[in-house]
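Visitor: I'd like to learn how the labels people put on a protein model are earned. Can you take me through some, one label at a time?

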Amino acid sequence: MSIMRQSSIMPVGIDDLAIYIPKLYLDYRDFAEARGIDPQKLEYGIGIRKMTIVDTNQDSACMAANACLKLMQRNHLEPNDIGRLYVATESGLDESKAMNSFVVGMLEQIYGEDSFEHAGGIECKFACVSGSYALYDNANWIRAEENNNKAAIVVVSDIAKYDVGSSGEYTQGAGAVAMLIKEVPRLLSFDPKVTSTTIKNEYDFYRPFGKETPLVNGTYSNLLYLIQVRKAFDSYKEKAIRTGLIRINDGESITDHIDLFTVHLPYRKMGEKALAYLLRHEWRTLPRWDSVIKEIGFAEPVPKDPRGTIESILADTEFMKADERFRKSFMQTSFYNEVYEKKMSSSLEASSIIGNLYTASMYMGFRSLLEYEDKKNHNIEGKRIGFGSYGSGSSAMVFSGVIQPAYKEIVKGMNLEEEIGSRTKLSMDQYQGLRENERNLNDSYVRAKDEFVLVRIGGSTADKAGVREYCYCN
Ligand code: HMG
């Protein structure tokens with residue numbers, strides 16, 4: 001696709017982004033051996049090779065502050081340039097005090113006391129989707145010209161942690177992405193009036209108060225993710241056509257008009273499956289479907305009750321088996337693979353070496369897309385990116401944006417491995433020790449340098465209970 005149409009509304013979007021990834025990781029082979037799993041299942045079935053683990057002196061707030069500081073330093077920003085600082089997370093540290101205040105406290109160690117006092121912001125929560133709501137709200141704050149010429153920073157920061165021995169354990173990870181939201185952005189301008197959401201009361205994945213790890217219905221969560229993102233996509237499609245953003249000719253699919261996709265990535269394979277689900281949904285009524293079916297060699301199965309609930313579809317074991325076979329065959333077709341290679345593969349690279357970042361996953365995917373498209377020497381100026389964001393509980397948000405001409409100066413020299421820095425591989429015993437809180441927070445595996453770390457929780461007196469202290473280590 002060539003340069004896309006965008007409306008004449010003031011362009012607002014992502015000007016730049018910075019990441020912070022902790023330095024400890026687990027290798028999938030060590031993990032597979034310890035848990036008695038075939039390593040091929042982790043590498044290909046899930047799509048994980050290195051899983052990020054936080055050190056004893058790290059939490060979601062210091063990861064957020066580290067990403068934020070990097071973003072500010074590389075853009076030579078002063079606190080006065082920032083009008084809002086939002087943090088989206090599901091790894092909250094306090095039932096009342098927002099994570100932004102911790103982050104501001106850390107940043108003020110660098111920029112001076114009260115240097116952010118003029119700004120505003122909140123901590124946002126809706127599992128993995130809240131960062132997308134934060135971006136949307138801040139983009140509209142700028143569009144409404146409430147921003148007094150200031151930019152917003154949205155930070156997404158999380159620690160994905162599951163019960164030891166559970167099937168979620170190999171989808172762990174940690175990290176933060178900070179994004180600068182501005183008028184006339186250099187990187188990506190959001191398409192206006194097309195952002196679409198769904199919301200539904202669900203218990204696919206949740207973490208009741210006081211519990212460190214979530215309660216998860218894995219199979220249910222996978223299907224719910226696919227259905228909710230597809231429904232948000234249907235609504236996006238209706239808006240994109242109605243507003244004239246995208247014009248679809250006979251025989252075309254809206255997916256033909258989206259140049260690159262980035263979706264929520266609890267694990268790499270989920271991105272591949274989400275693309276397959278979306279393409280099946282969009283193509284099934286088009287003339288090209290006959291050729292797809294011919295290549296597959298058998299018809300697409302239908303559930304006994306096509307209008308049934310997720311539970312009834314999952315209980316229809318005959319259909320589920322047949323559908324899995326069909327999905328796997330579809331993912332082998334030249335039709336799927338052409339779209340996958342061209343439009344999605346670049347966004348999945350980071351997930352394999354970092355793991356799930358909850359709120360930050362899709363934005364790490366976007367960062368991955370920029371870097372790996374550049375490595376392939378693809379010029380993506382003017383290309384439309386489709387975002388499929390999902391949060392358990394549940395809500396989905398679909399939106400899009402167009403890559404801006406100045407993106408090249410930001411993407412130039414992007415190198416994920418270099419940016420993460422040298423990493424320390426944990427043995428399974430060391431990992432187990434971290435999980436059982438055997439080490440205290442001042443006994444970290446990695447010596448922190450040029451970053452914020454947690455130094456103390458709670459003072460010696462009752463009025464300091466729960467107070468978290470951070471410092472910047474040079
Ligand atoms: P599982 O038990 O590992 O699933 O659970 P599986 O046995 O079906 O295996 C997964 C894949 O590995 C399958 O491929 C197998 O065929 C394959 P697929 O059918 O998917 O194409 N496999 C192998 N491949 C190669 N060699 C082998 C081999 N053996 C099997 N030897 C599950 C997977 C994701 C359910 C689990 O890890 C889990 O519960 N994770 C946590 C929940 C989750 O991530 N859900 C995703 C959707 S919900 C979401 O994304 C929201 C979330 O991020 C939270 C939030 O919003 O805050 C989680």
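Visitor: Why is Lys376 called partly exposed?

Guide: Keep in mind that this is a predicted model. Lys376 has 35% relative accessibility. Buried means under 20% and exposed means over 50%, so at 35% Lys376 counts as partly exposed.

Visitor: And how do you know that Lys376 forms a salt bridge with Glu373?

Guide: Look at the closest N and O atoms of the two side chains: they are 3.8 Å apart. The cut-off is within 4 Å, so the pair counts as a salt bridge. In general, side chains of opposite charge can pair when their charged atoms come close.

Visitor: Is Glu373 buried or exposed?

Guide: Buried. Glu373 has 3% relative accessibility, and the limit for buried is under 20%, so the label fits.

Visitor: Glu373 is part of helix 12. What makes helix 12 largely enclosed?

Guide: Count the buried residues: 13 of the 15 residues of helix 12 are buried, so the rest of the structure largely encloses it.

Visitor: How do you know that the span of helix 12 agrees with what is expected?

Guide: Helix 12 covers residues 361-375, and at 1.5 Å a residue its 15 residues should span 21 Å. The C-alpha atoms at its ends are 21 Å apart, so the two values agree. Just after helix 12 comes Asn377, with a positive phi of about 60°.

Visitor: Which residues of helix 11 meet helix 12?

Guide: Among them are Lys342, Ser346, Leu348 and Ile354. On the helix 12 side, the partners include Met364, Gly365, Leu369 and Tyr372. Sorted by class, this contact has six nonpolar, four polar and three charged residues. Helix 11 is residues 334-354, and the two helices pack at an angle of about 115° with their axes 7 Å apart. The crossing is right-handed.

Visitor: Back to salt bridges. How many are there in the whole structure?

Guide: A search finds 30. One group forms a network: Lys70, Arg367, Glu371, Lys375 and Glu419 are linked by salt bridges.

Visitor: What makes Arg384 and Asp191 a salt bridge?

Guide: Their closest N and O atoms are 2.7 Å apart, and the cut-off is within 4 Å, so the pair qualifies. This pair joins distant parts of the chain, 193 residues apart: Arg384 is in strand 13, whereas Asp191 is in the loop between strand 8 and strand 9. Both Arg384 and Asp191 are buried.

Visitor: How do you know that Asp323 forms a salt bridge with Arg280?

Guide: Same kind of test. The closest N and O atoms of Asp323 and Arg280 are 2.6 Å apart, and anything within 4 Å passes. Asp323 sits in helix 10 and Arg280 in helix 7, 43 residues apart.

Visitor: Why is Asp323 called buried?

Guide: Asp323 has 17% relative accessibility, and buried means under 20%, so the name applies. Arg280 is buried too, with a relative accessible area of 5%.

Visitor: Why does Glu145 count as exposed?

Guide: Glu145 has 63% relative accessibility. Exposed means over 50%, so Glu145 gets that label. You'll find Glu145 in the loop between helix 5 and strand 6. Glu145 also has a positive phi of about 60°, although it is not a glycine.

Visitor: And what makes Asn437 exposed?

Guide: Its relative accessible area is 55%, and the limit is over 50%, so Asn437 makes the cut. Asn437 lies in the loop between helix 15 and strand 16. Its phi is positive, about 50°, and Asn437 is not a glycine.

Visitor: Last one: why is Thr171 called buried?

Guide: Thr171 has a relative accessible area of 9%, and under 20% is buried, so that settles the label. Thr171 is in the loop between strand 6 and strand 7. Leaving aside neighbours within four places in sequence, its contacts include Ile46, Met51, Tyr162, Pro266 and Asn356. The C-alpha atoms of Thr171 and Gly47 are separated by 9.2 Å, and the two residues are 124 residues apart along the chain.

Note on methods. Residues numbered from 1 in each chain as written. Predicted model: local features only at pLDDT ≥ 70, side-chain atom pairs only at ≥ 80, totals over all residues. Heavy atoms only, no water. Helix = DSSP H or I, 4+ residues; strand = E, 2+ residues; numbered from the N terminus. Expected span 1.5 Å × (residues − 1). Buried < 20%, exposed > 50% of the residue type's maximum accessible area, 1.4 Å probe, protein only. Axes fitted to C-alpha atoms, helices over the stretch in contact; angles between N-to-C directions. Left-handed = near helix turned anticlockwise from the far one by under 90°. Contact = heavy atoms within 4.5 Å. Nonpolar A, V, L, I, M, F, W, Y, C, P; charged D, E, K, R; others polar.
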